[in-house]
Amino acid sequence: MYKVVCIGNNPSLVNSLKLIKDIRIEGAIVEKGKAQFLLAHLEDDIKPICVSNAEELDAVIEKIGDIDFAVMYDFGIRVGEKSVKKLSIYNFHPGDLRTNRGSSPVNWSILNADGLTKMTLYRISTDFDLGEVMVERNCKVYSMDVPSTLRMRLEGEIPSMMLELLWKLKHAVEGVTVASGVYRKRISEQDYTINVGDSIDVINAKIRSQYDYNGAVFFDGKNKMYVKNIDQIKDSI
């Protein structure tokens with residue numbers, strides 16, 4: 001039985017780990033203000049520990065006792081060097097570390113019309129979104145995908161990827177170290193603003209990348225509007 005700590009705000013990770021009989025969730029670390037998302041999914045004897053910055057996270061990990069490793073997903077605080085050296089932390093990244101590092105990989109996969117992306121499980125290092133890749137799963141990016149549909153398929157790979165990780169840990173199978181890759185900044189409004197001259201494909205990609213939120217941005221003269229359907233601006237482009 002592996003004793004595991006979850007790090008992250010997304011119930012999908014907890015729900016996936018609960019399906020695996022060889023794992024016992026011993027604790028959960030979440031960002032301050034986001035614990036409510038997890039409360040209904042944790043066992044009654046597990047109370048989430050809230051942290052608001054890297055220093056608080058390091059302090060919590062420093063006090064962790066008999067734990068085999070931690071699994072992280074959907075967590076916005078960077079793990080410090082001290083914590084990386086103390087505890088093996090395996091992170092799920094919904095993108096390819098070689099081409100799509102950073103905090104908005106699902107949105108970038110849609111914006112860039114990648115066609116194919118990956119769910120990556122890797123042991124983190126002191127370099128952001130780089131480390132020892134243990135398991136990868138390819139995931140097609142469809143022309144009608146929005147962030148929620150693509151993320152749902154990526155998250156669907158978590159249980160089988162965890163089983164493969166456990167097998168590799170049991171048999172001392174090493175992963176492949178990825179030491180460099182393209183880092184993509186956090187999505188900004190400029191990235192999904194529709195410009196005169198954008199192709200129909202580019203406009204659709206910008207709209208779909210923001211469909212779960214307010215929509216893409218378009219300036220009609222002096223007015224700013226949010227667009228979720230290209231028909232809203234068909235007379236202006």
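**Exercise 1. Describe how strand 1, helix 1 and strand 2 are arranged in this predicted model.**

Solution. Step 1: the three elements, with helix 1 spanning residues 11-17, form a right-handed β-α-β unit. Step 2: the pairing of strand 1 with strand 2 is parallel and comprises 6 bridges. Step 3: within this pairing, Cys6 has Ala28 of strand 2 as its bridge partner. Step 4: strand 2 also runs parallel to strand 3, to which 3 bridges join it. Here Ile29 is opposite Ile49 of strand 3. Step 5: of the 9 residues of strand 2, 7 are buried, so this strand is largely enclosed by the rest of the structure.

**Exercise 2. Determine which residues of helix 3 are buried, and explain on which side of the helix they lie.**

Solution. Step 1: helix 3 covers residues 54-62, and its buried residues are Leu57, Asp58, Val60 and Ile61. Step 2: around the axis they take up an arc of only 160°, and therefore they lie on the same side of helix 3. Step 3: a general rule is relevant here. An α-helix has 3.6 residues a turn, so residues three or four places apart point the same way. Step 4: the cover over these buried residues includes strand 1 (2-8), strand 2 (23-31), strand 3 (49-51), helix 4 (81-86) and strand 5 (89-93). Step 5: at the start of helix 3, a side-chain oxygen of Asn53 comes within 3.2 Å of the backbone nitrogen of Glu55.

**Exercise 3. Identify the residues that touch the most other members of the largest nonpolar core.**

Solution. Step 1: this core has 34 residues, and those sought are Leu13, Leu17, Ile23, Val71, Phe92, Leu121 and Met162. Step 2: helix 7 (residues 158-170) supplies the largest share of the core, 5 residues. Step 3: take Val71 and set aside its neighbours within four places in sequence; its contacts are then Val4, Val5, Cys6, Ile7, Leu13, Leu17, Tyr90, Phe92 and Met162. Step 4: another core, of 23 residues, lies apart from this one and includes Val51, Ile64, Ile77 and Leu97.

**Exercise 4. For Asp74 and Asp129, state the loop in which each lies and whether each is buried or partly exposed.**

Solution. Step 1: Asp74 is in the loop between strand 4 (69-73) and helix 4, and its phi is near 55°, a positive value. Step 2: with a relative accessible area of 36%, Asp74 is partly exposed. Step 3: Asp129 belongs to the loop between strand 6 (116-124) and strand 7 (131-140), and its phi is also positive, near 55°. Step 4: the relative accessible area of Asp129 is 6%, under the 20% limit, so Asp129 is buried.

Technical notes. Residues are numbered from 1 along each chain as its sequence is written. This is a predicted model: local features need pLDDT of at least 70, side-chain atom pairs count only at pLDDT 80 or more; totals for chains, interfaces and linings use all residues. Side-chain values use heavy atoms; hydrogens and water are left out. Buried means under 20% relative accessible area, exposed over 50%, partly exposed in between (1.4 Å probe, protein chains only). Helices (H or I, at least four residues) and strands (E, at least two) are DSSP runs, numbered from the N terminus. The arc is that of the directions from the helix axis to the C-beta atoms. Contact means heavy atoms within 4.5 Å. A polar contact is a pair of N or O atoms within 3.5 Å; within protein, one must be able to donate a hydrogen and the other to accept it, and residues adjacent in sequence count only if both atoms are side-chain atoms. A nonpolar core is a set of buried Ala, Val, Leu, Ile, Met, Phe, Trp, Tyr and Cys residues joined through side-chain atoms within 4.5 Å. Two strands pair if DSSP finds at least two bridges between them. A crossover is right-handed if, with the strands pointing away from the viewer, the path from the first strand over the helix to the second runs clockwise.
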